[in-house]
Amino acid sequence: MAAVFEPTTPADAAAVTAQLGREPRGVAGVAWRCPCGKPGVVATNPRLPDGTPFPTTYYLTCPRATAGCSTLEAQGLMAEMTERLATDPELARAYTLAHEAYLRDRAELGSVGEIEGISAGGMPNRVKCLHVLAAHALAAGPGVNPLGDEVVARLGEFWSRPCLEDHD
């Protein structure tokens with residue numbers, strides 16, 4: 001299934017800037033919208049405007065989800081998941097398929113030789129960033145990235161209090 005990105009509106013750009021606390025770089029569109037209506041994941045071009053290769057196609061912008069991922073990382077979830085990849089062939093195969101899906105989605109945005117074959121988040125052999133896995137799972141939908149789906153499940157309903165409720 002091809003990746004679908006919504007065009008970024010001026011309101012989206014303002015929301016993402018507020019979420020990140022800085023201007024976003026290389027945004028190709030909104031890849032997942034929070035139930036509150038604001039962008040929660042943006043798709044990023046594989047080459048930033050300054051020419052830098054950027055492998056992180058799906059960038060988590062929701063501050064509540066980002067904070068939750070940071071907490072899970074601090075609790076050691078990345079190491080636990082990496083260990084499971086080494087001992088669970090089915091999980092490893094599904095994670096490899098997630099890596100391949102990520103690369104296909106990025107290819108729709110362009111080809112950058114310096115990052116050819118490199119996805120993000122440690123895929124396909126390890127876990128090094130839960131933010132990327134959650135962003136991929138949210139953008140691609142359930143069943144594409146098993147570890148991303150697990151991160152999203154552990155985050156719970158992070159959107160129940162909108163991230164920018166004080167800025168509306």
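Accessible areas here come from the Shrake-Rupley method with a 1.4 Å probe, and for residues only the protein chains shown count as cover. On that basis the protein chain exposes about 8200 Å², and carbon and sulfur atoms supply 54% of this area.

Before going further, I should say that this is a predicted model, in which local features need pLDDT of at least 70 and side-chain atom pairs count only at pLDDT 80 or more, while totals for chains, interfaces and linings use all residues. Residues are numbered from 1 along each chain as its sequence is written, and side-chain values use heavy atoms, with hydrogens and water left out.

Let me start with the overall layout. The secondary structure of the protein chain comes to 6 helices and 3 strands, where helices (H or I, at least four residues) and strands (E, at least two) are DSSP runs numbered from the N terminus. Read from the N terminus on, the elements run α-β-β-β-α-α-α-α-α. The radius of gyration, taken over C-alpha atoms, is 15 Å, close to the 15 Å that the globule rule (2.2 Å times the number of residues to the power 0.38) gives for 168 residues, so the protein chain is as compact as a globular protein of that length. Along the principal axes, the C-alpha atoms fill a box of roughly 45 × 35 × 25 Å.

How much of the protein chain is buried? Buried residues make up 43% of the 168 residues, with buried meaning under 20% relative accessible area, exposed over 50%, and partly exposed in between (1.4 Å probe, protein chains only).

In soluble globular proteins, nonpolar side chains tend to be buried together. The largest nonpolar core of this model, that is, a set of buried Ala, Val, Leu, Ile, Met, Phe, Trp, Tyr and Cys residues joined through side-chain atoms within 4.5 Å, has 37 residues. Strands E1 (27-33), E2 (39-44) and E3 (58-60) each supply at least two residues of this core, as do helices including H2 (63-74) and H4 (89-107). Which element gives the largest share? That share, 7 residues, comes from H5. Val 41 is one of the residues with the most contacts inside the core, and, leaving aside its neighbours within four places in sequence, Val 41 is in contact (heavy atoms within 4.5 Å) with residues including Val 30, Trp 32, Tyr 58, Leu 60 and Leu 138.

Now for some residues outside the strands. Thr 56 is found in the loop between E2 and E3, and at 15% relative accessibility it counts as buried. Not counting residues up to four places away in sequence, Thr 56 touches Thr 44, Tyr 102, Ala 120 and Val 132.

The loop between H4 and H5 holds Ile 118, which is partly exposed, with a relative accessible area of 44%. Ile 118 touches Pro 55, Leu 103 and Arg 106, again not counting residues up to four places away in sequence. Pro 124 also lies in the loop between H4 and H5, and the peptide bond from Met 123 to Pro 124 is cis, with omega near 5 degrees.

Finally, Thr 96 is found in helix H4 and is partly exposed, with a relative accessible area of 23%. Thr 96 and Asn 125 are 29 residues apart in sequence, and their C-alpha atoms are 7.7 Å apart in space.
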